[in-house]
Amino acid sequence: EAAIAAIRDRVGADQRKAIVRTKLLAILGGLPDYAGPLRARVTGTIPAAGYAIEQVIFESLPGLFVTGNLYRPAAPGRYPGVLMPIGHTQEGKPEAQWLAANLALQGFVAFAYDPIGQGEREQTYLPQLGRSFSGGGGNEHIELGARSLLLGQSVARYFIHDARRALDYLASRRDVDAARLGVTGCSGGGCIATYLAALDPRIKAAAPACFINTFRKLFPGPTADSEMSLPQFLASGLDQADYFEVTAPLPWLLMATEEDYFTPEAARPVYEEARRWYEVYGAAERIRFFVGKGPHGTGLDSREQIYSWMIRWLARLSQFAGIFGYFWFKTAPKCNDCS
């Protein structure tokens, strides 16, 4: 806190950003440098009114398969892309279907994929039991986290690698403008969205939800999964505001909900510190804090904020989007969430 308070100009802020990035990569044990073929394929398509869902599978590492659902506008064109890491629901990618479908109706290509241990990626599934032997994705994450610590790594590096490879796939598509990529997620998905935006410069706008809390409140509060709690994070002089400060002036929508166990009271100090940081860059309008109604999750009001944020920073990012793409955006079927 003293180090942050001492920073008054961009020179000091840029120096701090370089230090934080180095510390984050050291804590993670680095990131996998594999960049081989994705071997991506679409195994099926589900048509819907104004959009379609493609069932996708690709390889994050050789033999490590990632399953996802891609939501795209029905009309041809090149659109901004939004990656959607999933939180800790055992079903995985269907968690995001309402948000993803409405993003497609608003002129985005949205890609929701299963985290390891969830959805179609359960690692300890036993046919004899009809379920995961570990009891669910959260437990699988804890087991993988413990093994990674014994290797001197954080399991988060593999979650981040999956996200970066999913972004590789999204950027490779002909219907996606790779210069206009965003990320959003809730809970565990909000955590991975935060990591990805902090570490991958291809992300141009981010909207993490129901994850952000200063460790002053989080440490004695709710317990996060292994990939959400980096080893040596506090000992390295870091707190969650560093994720947002290290990317300034990237547009961030920081989100919480009134009844969440990741409380708005613990999220607000993170935002306030990061906003002061953004003021150093003359970019205070590029970071925003929103508290939605209801419990842990992204309710209607939170989803509407995400649509607005992505439209503001991605749909209008390029003046060369094309006449057809503009026409489709203006005449697309109204999204189910929007008035």
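Two strands are said to pair if DSSP finds at least two bridges between them. With that in hand, this predicted model can be read from its central sheet outwards.

**The sheet**

Nine strands form an open sheet with mixed pairing, and their order across it is β1-β2-β3-β5-β4-β8-β9-β10-β11. The edges are held by β1 (41-48) and β11 (287-292), each of which pairs on one side only. On average, and with direction ignored, neighbouring strands of this sheet are turned by 20° against each other.

Two of the pairings illustrate the mixture of senses. Strand β4 (residues 79-84) and strand β8 (residues 176-186) run in the parallel sense and are joined over four bridges, and in β8 the bridge partner of Leu83 is Val183. By contrast, β1 and β2 pair in the antiparallel sense over seven bridges, with Ile57 in β2 as the bridge partner of Arg41. The hairpin of β1 and β2 has two residues between the strands, and in this hairpin Gly50 takes a positive phi near 90°.

**Helices on the sheet**

Helix α3 (residues 97-105) packs on the sheet and touches β2 (51-61), β3 (64-73), β4, β5 (109-113) and β8, while its direction makes about 45° with that of β3. Helix α6 (residues 188-199) also packs on the sheet, where it touches β4, β5, β8, β9 (203-209) and β10 (252-257), and its direction makes about 140° with that of β8.

Helix α6 has a helical neighbour as well. In general, two packed helices are described by the angle between their axes and the distance between the axes. The axes of helix α5 (residues 156-172) and α6 come within 10 Å and cross at roughly 70°, which means that α5 is roughly perpendicular to α6. On the α5 side the residues that take part are Ala156, Phe159, Ile160, Ala163, Arg164 and Leu167, and they meet Ile192, Tyr195, Leu196 and Leu199 in α6.

**Backbone details in the loops**

Two residues other than glycine have a positive phi, Ser187 and Gln232, and they are set side by side here.

| Residue | Phi | Loop | Relative accessibility |
|---|---|---|---|
| Ser187 | near 60° | between β8 and α6 | 10%, buried |
| Gln232 | about 65° | between α7 (215-218) and α8 | 56%, exposed |

Ser187 counts as buried because its relative accessibility is 10% and the cut-off for that class is under 20%. Gln232 is exposed, with a relative accessible area of 56%, where the class begins over 50%.

A further backbone detail is the cis peptide bond that joins Ala248 and Pro249, for which omega is about 10°. Pro249 has its place in the loop between α8 (241-245) and β10.

**The chain as a whole**

The protein chain holds 11 helices and 11 strands. Its radius of gyration is 19 Å, close to the 20 Å that the globule rule gives for 339 residues, so the chain is as compact as a globular protein of that length. Along its principal axes, the C-alpha trace spans about 55 × 55 × 40 Å.

Buried residues make up 56% of the 339 residues in the chain. Among the contacts with a separation of 6 or more, 72% are accounted for by residues 24 or more positions apart. The surface that the protein chain exposes comes to about 15000 Å², and carbon and sulfur atoms supply 55% of it.

Note on methods:
Residues are numbered from 1 along each chain as its sequence is written. This is a predicted model: local features need pLDDT of at least 70, side-chain atom pairs count only at pLDDT 80 or more; totals for chains, interfaces and linings use all residues. Side-chain values use heavy atoms; hydrogens and water are left out. Axes are lines fitted to C-alpha atoms, for helices over the stretch in contact, and angles run from 0 to 180 degrees between N-to-C directions. Contact means heavy atoms within 4.5 Å. The radius of gyration is taken over C-alpha atoms; the globule rule is 2.2 Å times the number of residues to the power 0.38. Buried means under 20% relative accessible area, exposed over 50%, partly exposed in between (1.4 Å probe, protein chains only). Accessible areas come from the Shrake-Rupley method with a 1.4 Å probe; for residues, only the protein chains shown count as cover. Angles under 35 degrees count as roughly parallel, over 145 as roughly antiparallel, 65 to 115 as roughly perpendicular and the rest as oblique.
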